[in-house]
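Open your viewer and keep a selection box handy. This tour moves from one selection to the next and tells you what is there at each stop.

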2 protein chains.
Amino acid sequence: MNEFQQRSAELNDLLCVMNILTWDARTQMPGGGSAARAQQLTTLSALARERLTDPAFEAAADEIVGDGEQTDQNTRAARQALEAIRAMQCVPEALTRELTLLKSEAQDAWATAKANNDFAAFAPALTRMVELNRQLAGALGSTDHPYDALLNTYEPGLTVKTLLPLFERLRAHHLPLLRAIRAKPEPRTDFLTRFYPADAQKTFSLAAARRFGYDTDRGRLDESAHPFEISFTRADVRITTRFQEHFLPGALFGTLHETGHALYEQGVDPSLSRTVLTSDLLGLYAVGGASYGTHESQSRLWENRIGRSAAYWKLHYPELQAAFPEPLADVDEQTFVRAVNRVTPSLIRVEADELTYDLHIMLRVELEMRLIGGELEVKDLPAAWNARIREDLGLEVPDDAHGVLQDIHWSAGMFGSFPTYTIGNVMASQFYAAARRAIPELAGQLERGEYAPLHGWLADNIYRHGRTYTPHELLVRTTGEGLNPQPYLEYLTEKYTGLYDLESPVAAQKENA
Amino acid sequence: MNEFQQRSAELNDLLCVMNILTWDARTQMPGGGSAARAQQLTTLSALARERLTDPAFEAAADEIVGDGEQTDQNTRAARQALEAIRAMQCVPEALTRELTLLKSEAQDAWATAKANNDFAAFAPALTRMVELNRQLAGALGSTDHPYDALLNTYEPGLTVKTLLPLFERLRAHHLPLLRAIRAKPEPRTDFLTRFYPADAQKTFSLAAARRFGYDTDRGRLDESAHPFEISFTRADVRITTRFQEHFLPGALFGTLHETGHALYEQGVDPSLSRTVLTSDLLGLYAVGGASYGTHESQSRLWENRIGRSAAYWKLHYPELQAAFPEPLADVDEQTFVRAVNRVTPSLIRVEADELTYDLHIMLRVELEMRLIGGELEVKDLPAAWNARIREDLGLEVPDDAHGVLQDIHWSAGMFGSFPTYTIGNVMASQFYAAARRAIPELAGQLERGEYAPLHGWLADNIYRHGRTYTPHELLVRTTGEGLNPQPYLEYLTEKYTGLYDLESPVAAQKENA
């Protein structure tokens with residue numbers, strides 16, 4: 001190992017260790033341990049920052065970049081390191097410190113405000129958070145919209161200029177489709193809230209994860225209040241889920257979602273372990289995926305494209321019925337598939353269906369863009385939120401806990417992260433379409449439950465590269481083009497046309513135009 | 001916080017984090033994660049060493065020691081830091097590096113050798129390990145026996161000069177007592193290997209731990225192949241046990257043993273968290289106990305003095321019977337107490353009873369002392385081992401797996417740690433005798449299951465001090481004298497005289513003299 005590799009390896013070790021501490025805190029730690037754990041994470045994070053910005057690391061990276069004999073992989077790693085170092089150099093230490101403190105304060109204020117349904121109690125912290133994020137955006141710099149600088153920390157290369165027209169196309173597609181669906185009878189869903197024992201849910205979920213290729217010799221499934229996936233190198237990639245005994249889809253699809261994330265991390269090439277190319281250096285987070293959106297594309301692909309498909313349940317519904325004979329006794333496969341794909345406007349993002357989910361995201365993104373751009377004040381946020389929910393979903397927000405206070409993101413300072421959920425949906429369909437072109441017999445394989453060829457193609461084309469390429473480079477290499485919503489829109493239209501027995505898509509769109 | 005405190009806090013954080021990683025590796029980690037985990041631990045350990053030996057830390061400690069205005073606690077912390085720094089400075093980096101590598105190699109070689117019952121396959125690694133530990137002892141320095149230097153890393157201040165006469169007294173007591181016991185009929189133990197469901201064992205064990213005062217808001221009980229206790233500050237102190245469904249005493253007393261360790265760690269004064277006084281700096285290990293022996297005194301005290309006593313089972317045996325009605329149906333309380341206190345010579349240390357355990361320890365200590373002193377060669381070790389087992393316990397060692405290869409310690413380079421088990425037994429009785437003097441109504445309290453007064457006295461006199469005092473200082477403060485085996489010998493004699501219906505102790509000793 002040269003010095004750059006040695007220092008990168010130690011830095012990645014530190015980031016992986018932080019992930020281990022986070023996993024433990026969220027799944028195992030006794031309540032009394034939280035203050036000490038926060039201090040341990042603060043110390044590690046300061047150490048990681050110290051080592052990232054150590055002039056010796058910069059010099060070592062510079063040397064690699066200047067050395068024409070290096071492999072492409074090494075050069076890319078060194079370039080990414082320099083980019084992160086220089087971004088960190090742009091941000092005043094005082095701002096970093098204040099942001100860290102404020103994140104913890106603001107999350108507390110948010111949790112209390114949400115519990116008491118009292119936006120005013122959160123407003124001062126949020127106002128300061130917006131202000132600091134505006135400063136952060138200014139320090140990081142951008143040529144166009146200040147929001148671009150924040151966006152870039154989650155989705156390298158993505159800009160408002162790309163995002164807005166994309167959103168416009170999605171809106172123009174989603175709203176008419178939603179109206180057409182709403183005109184049809186509601187599918188039956190009563191049985192989803194019957195009693196499903198947690199043990200049987202866990203057994204079924206773990207088996208499903210393994211079927212997709214999740215390697216439990218390098219992973220494990222635990223329970224946590226909020227499901228997540230986290231990795232400490234490709235050799236140890238853990239997922240969690242939440243088993244609700246009176247709501248089957250939660251764990252069922254939640255596990256497939258986290259499995260998608262986990263397949264990505266487990267599929268990173270071993271040569272990228274302990275390198276910059278499995279480190280989000282700016283976020284000080286060990287992760288093998290190219291970006292938040294790319295990562296989300298894989299969770300969505302496995303959860304929605306595969307896990308909610310008719311073909312999947314044609315094969316696996318008998319197993320589900322065998323696991324839960326009583327609550328599913330009077331439910332046939334088609335009824336089940338319709339139920340878990342039901343589209344219905346709702347107030348809460350994390351409970352939203354595939355179609356309305358994007359509407360929830362676009363609402364948040366457009367509001368946070370205006371906050372960062374200085375065009376919207378925090379005091380006007382609830383009204384703006386509620387108006388948009390009314391307009392898009394036809395719902396009245398009864399209180400801020402079911403509205404503007406529902407998500408933790410803004411209190412955690414995560415401005416710029418919301419778009420990645422929708423970007424993930426779009427990319428999932430692009431990748432899936434490319435896989436279908438590359439594997440002509442894919443549909444038949446999936447009908448037979450042969451997931452290995454699809455998994456192998458995704459691993460070869462996406463997973464193994466880790467963070468070597470930007471999301472755009474990865475898309476171009478894999479699909480021949482940049483971000484393009486067309487395959488996603490076609491997928492949604494086709495899916496819901498079938499499920500809801502809509503008129504032909506074109507007719508449906510015309511009718512509602 | 002001054003600079004010394006700040007640096008101490010970060011150093012303790014790193015050591016706590018290493019403990020979290022170790023706990024996870026031994027209880028949760030999937031098999032595939034072990035290589036990455038070893039690298040993460042190596043990186044953290046190197047970082048901790050780097051920060052310990054940072055000249056700025058030494059200077060900060062020096063400043064505290066030179067400042068007459070400091071509290072006793074701060075001055076002691078700074079002195080301990082300087083001692084550790086200077087010891088580290090004495091050890092050549094090349095030796096540390098070679099020892100680290102050899103530990104991992106030698107443990108592999110030992111595991112294979114043990115599995116194949118092939119001492120010759122382990123001998124080269126062990127020979128090198130002895131040689132490096134001789135070098136380490138030389139580097140650390142000692143005025144008398146080189147073994148003292150190693151001993152000091154586990155039990156500060158203990159020397160061969162103190163240890164040998166102590167062992168002589170124990171031998172002179174234990175061997176005649178063992179002979180007297182062997183002349184009596186064996187108690188019934190057949191029922192201990194009946195079927196005891198693991199779930200019920202776990203419930204009973206956890207309740208027993210909480211009865212003693214183990215705070216599960218700052219701890220948890222898990223399973224692992226080898227039971228242990230580990231702490232990440234006093235706010236998070238975890239224990240593990242191993243539930244064998246056909247051997248009840250394993251988990252029953254194993255949990256009480258680890259609970260004793262945990263009470264110590266949970267009882268450290270909050271002001272010592274994140275300081276040198278909860279850091280074994282030389283061992284790079286976060287721990288609140290004054291030494292390995294002091295720690296062991298508390299596990300032994302709670303496991304043996306309380307947990308195996310007649311008074312304990314008089315109160316709790318009905319609960320045990322209720323938890324395991326079938327296997328204990330034909331067993332009365334007295335039969336149970338005799339069974340779990342049976343004395344019988346055996347080949348394996350970890351399975352030994354309270355009395356013969358010390359004989360196992362003394363055998364190991366005397367052999368390793370001779371190895372480090374250069375008076376015994378590795379090739380002659382098995383024969384020396386087997387001869388001593390024959391002499392002390394009257395048993396023939398059938399193979400090295402049941403003899404010299406049974407313990408991991410030497411392959412892990414832990415020369416000097418074995419004595420602390422017996423030191424723990426001796427100190428346990430000294431502390432217990434002092435508690436009895438201080439709490440006249442102790443016996444009655446224990447009969448009623450009131451453990452809080454004893455726990456409180458131990459916390460006040462021992463636990464809260466963390467590593468502030470040396471074991472000797474702690475003994476003198478608490479009991480008025482240094483290491484003294486008399487209370488321990490009296491306890492054993494009295495206990496077994498009653499259990500085995502021996503003649504009066506003096507008569508018994510005479511008869512066998």
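## Start inside chain A

Select Leu320(A) and show what surrounds this residue: beyond its neighbours within four places in sequence, Leu320(A) is in contact with Phe204(A), Leu248(A), Leu252(A), Trp313(A), Leu328(A) and Phe336(A). Bear in mind as you look around that this is a predicted model.

Now widen the view. Leu320(A) belongs to the largest nonpolar core, a set of 127 residues. Also among the residues with the most contacts inside this core are Leu163(A), Trp302(A), Ile306(A), Trp313(A), Phe336(A) and Leu454(A), so colour them together. Next, select residues 354-373 of chain A: this is helix H14, which supplies eleven residues, the largest share of the core.

For the second core, go to chain B and select Ala198(B), Trp385(B), Tyr463(B) and Leu499(B). These four are included in a separate core of 126 residues.

## How the two chains relate

Bring both chains into view. Chain A can be superposed on chain B by a rotation of 179° with 0.0 Å of shift along the axis, giving an RMSD of 0.1 Å. This is the relation of a two-fold axis.

Which surface do the copies use to meet? They meet through the same surface, because 100% of the interface residues of chain A are also interface residues in chain B.

## A three-stranded sheet

Return to chain A and switch to a cartoon view. Three strands, in the order E1-E3-E2, make an open sheet with mixed pairing. Select 221-223 for E1 and 229-231 for E2: these are the edge strands, each pairing on one side only. On average, neighbouring strands here are turned by 30° against each other, direction ignored.

Then add residues 237-241 of chain A, which are strand E3; E2(A) and E3(A) run antiparallel and are joined by three bridges. In general, strands of a sheet pair through backbone hydrogen bonds, so displaying the backbone is useful here. Zoom in on Ser231(A) and you will find it opposite Val237(A) of E3(A).

## Two loops with positive phi

In chain B, select Thr233(B), in the loop between strands E2 (229-231) and E3 (237-241). Its phi is near 80°, a positive value in a residue other than glycine. Is Thr233(B) buried or exposed? Thr233(B) has 12% relative accessibility, so this residue counts as buried.

Finish in chain A at Leu284(A), in the loop between strands E4 (279-280) and E5 (285-286). Leu284(A), not a glycine, has a positive phi near 50°. With 9% relative accessibility, Leu284(A) counts as buried.

Notes
Residues numbered from 1 in each chain as written. Chains lettered and ligands numbered in written order. Predicted model: local features only at pLDDT ≥ 70, side-chain atom pairs only at ≥ 80, totals over all residues. Heavy atoms only, no water. Least-squares fit on C-alpha atoms with pLDDT ≥ 70 in both. Contact = heavy atoms within 4.5 Å. Core = buried A, V, L, I, M, F, W, Y, C linked by side-chain atoms within 4.5 Å. Buried < 20%, exposed > 50% of the residue type's maximum accessible area, 1.4 Å probe, protein only. Helix = DSSP H or I, 4+ residues; strand = E, 2+ residues; numbered from the N terminus. Pairing = 2+ DSSP bridges. Axes fitted to C-alpha atoms, helices over the stretch in contact; angles between N-to-C directions.
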